[in-house]
Amino acid sequence: MTPLEQEIRQIIETEGPITVSRYMQLCLAHPKYGYYVTRDPLGQKGDFITAPEVSQMFGELIGAWAAAVWQRMGSPLKVQLVELGPGRGTLMADALRASRALPEFRAALAVHLVEISPSLRQAQKRPLAGETGVQWHDSIEDTPTGPTIFIANEFIDALPVHQFVKDFDGWHMRVVGIAGGKLDFVVAPEPMPKDFANDAPAASNGTILELRDKGPTAVVAQRLARERGAALIVDYGHTGVTLRDTLQAVRNHRYADPFGDPGEADLTTQVSFGELAVRAKREGAAVHGPIAQGEFLRRLGIEARAARLKESATPPQAADIDAALARLTAPDQMGELFKVLAIADPKLGPLPGFDR
Ligand code: SAH
């Protein structure tokens, strides 16, 4: 049994079952044993690979997107580029390199990274070594206000969700307790807390509903409803409400039991882009998309970028570029499952990649 499982069992024994949200929070972000706190989970040797780790083209195109958004913002003399959950810093390094194509934008930029993991903060320093003035923050609330472009790739999926189950007498919370001697889902007897009732659709008995904690996306939407800027959110997920249990554990590139070894596996759930959109609009922000990642990257010119890179590549390198292009955009790879949504200042109007 992992030390974190011992601690979770103790909490359940003294306080009763805990919410799925608290379980995810403990597994991922516990200050001593949390999955992200204790390791660098990315890459071949880690547990999973993300788009910026597949190819430099991903971060470069996002850098070009940010530059175009900055122009639509009226080219302010100072703008913050805030990345949420920057992993190894690869996306930010590639974006900054691409942003040199627009020197005025490059000169206006201040880089802020929101990261809970001390080991990933260390990893982020390497690719950003030439960058002065990078600031790290524990949470988005700590980032300064003012004109801002937010980037979040595979960040939202790691934020805790609540689960509910529909019974004949209404919705109840699905919580984590101890059943048959092991950690497992149990149903709380009390009705669903009032805060969530607004977001619960009509559903048949036995349906499971997932709703994410409001958290960072609400903060982003509130800020962008009042200030100039936009947020680009890229993640795996779907456009509707999540009416099933999507809690997923991944370890060594394989699916694992979410209750198996708490703290040792990555835990995520599918992002409901519909839910993000409804909540962002409720805060007064504008929403663009969601559209499929493959389509978004093609509109930003990924095919031309790949062709350009291949001009100076050896044949094996050219094959790698083609493979990366397919991985990021093909419908049976990341192209359809991953989606892109922007939350923005309503005064900005259409945004690159979303308008045609
Ligand atoms: N964006 C990166 C990494 C994705 S993994 C990429 O695409 O490669 C998720 C990232 O979010 C990690 O950097 C992790 O440490 C960070 N993270 C997870 N939960 C967080 C939280 N609550 N607050 C801040 N960072 C968090």
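**Exercise 1. Which handedness does the crossing of H1 and H2 have?**

Before you start, know that this is a predicted model, where local features need pLDDT of at least 70, side-chain atom pairs count only at pLDDT 80 or more, and totals for chains, interfaces and linings use all residues. Residues are numbered from 1 along each chain as its sequence is written, and side-chain values use heavy atoms, with hydrogens and water left out.

*Solution.*

Step 1: find the helices. H1 covers residues 3-15 and H2 covers residues 20-29. These labels come from DSSP runs numbered from the N terminus (helices are H or I with at least four residues, strands are E with at least two).

Step 2: get the geometry. The two axes come within 11 Å and cross at roughly 150°. Axes are lines fitted to C-alpha atoms, for helices over the stretch in contact, and angles run from 0 to 180 degrees between N-to-C directions. That angle makes H1 roughly antiparallel to H2. Here are the cut-offs: under 35 degrees is roughly parallel, over 145 roughly antiparallel, 65 to 115 roughly perpendicular, and the rest oblique.

Step 3: read the handedness. H1 and H2 make a right-handed crossing. The rule is that the near helix is turned from the far one clockwise for right-handed, or anticlockwise by less than a right angle for left-handed.

Step 4: look at who touches whom. From H1, Leu 4, Ile 8, Ile 11 and Glu 15 meet Arg 22, Tyr 23, Leu 26 and Cys 27 of H2; contact means heavy atoms within 4.5 Å. Sorted by class, that gives six nonpolar, no polar and two charged residues. Nonpolar covers Ala, Val, Leu, Ile, Met, Phe, Trp, Tyr, Cys and Pro, charged covers Asp, Glu, Lys and Arg, and the others, Gly among them, are polar.

**Exercise 2. Work out how H4 packs against H5 and H12.**

*Solution.*

Step 1: take H5. H4 (residues 56-72) and H5 (residues 90-99) pack at about 55°, with axes 7 Å apart. So H4 is oblique to H5, and H4 passes H5 in a right-handed crossing.

Step 2: list the contact. H4 brings Gln 56, Phe 58, Gly 59, Glu 60, Ile 62 and Gly 63, while H5 brings Leu 91, Asp 94, Ala 95, Arg 97 and Ala 98. The class tally is five nonpolar, three polar and three charged residues.

Step 3: take H12 (residues 302-311). Its angle with H4 is about 125°, and the axes are 11 Å apart. That makes H4 oblique to H12, and the crossing of H4 and H12 is right-handed.

Step 4: list this contact too. Gln 56, Met 57, Glu 60 and Leu 61 of H4 meet Ile 302, Arg 305, Ala 306 and Leu 309 of H12. By class, you get five nonpolar, one polar and two charged residues.

**Exercise 3. How many residues surround the ligand?**

*Solution.*

Step 1: count them. There are 17, and the closest are Thr 50, Gly 85, Gly 87, Glu 115 and Asn 153. A residue is near if one of its heavy atoms lies within 4 Å.

Step 2: check the atom pairs. A ligand nitrogen is 2.7 Å from a polar backbone atom of Gly 85. A ligand nitrogen is also 3.5 Å from a polar backbone atom of Ile 116. With Asn 153, a ligand oxygen is 2.7 Å from a side-chain N or O atom.

**Exercise 4. Track down the unusual backbone angles.**

*Solution.*

Step 1: look at Pro 290 in strand E15 (residues 286-292). The peptide bond from Gly 289 to Pro 290 is cis, with omega near 10°.

Step 2: go to the loop between strands E11 (248-251) and E12 (254-256), where Asn 252 sits. Asn 252 isn't a glycine, yet its phi is positive, about 50°.

Step 3: His 253 is in the loop between E11 and E12, and its phi is near 65°, positive in a residue other than glycine.

Notes
Polar contact = N/O pair within 3.5 Å; in protein donor to acceptor, adjacent residues only side chain to side chain.
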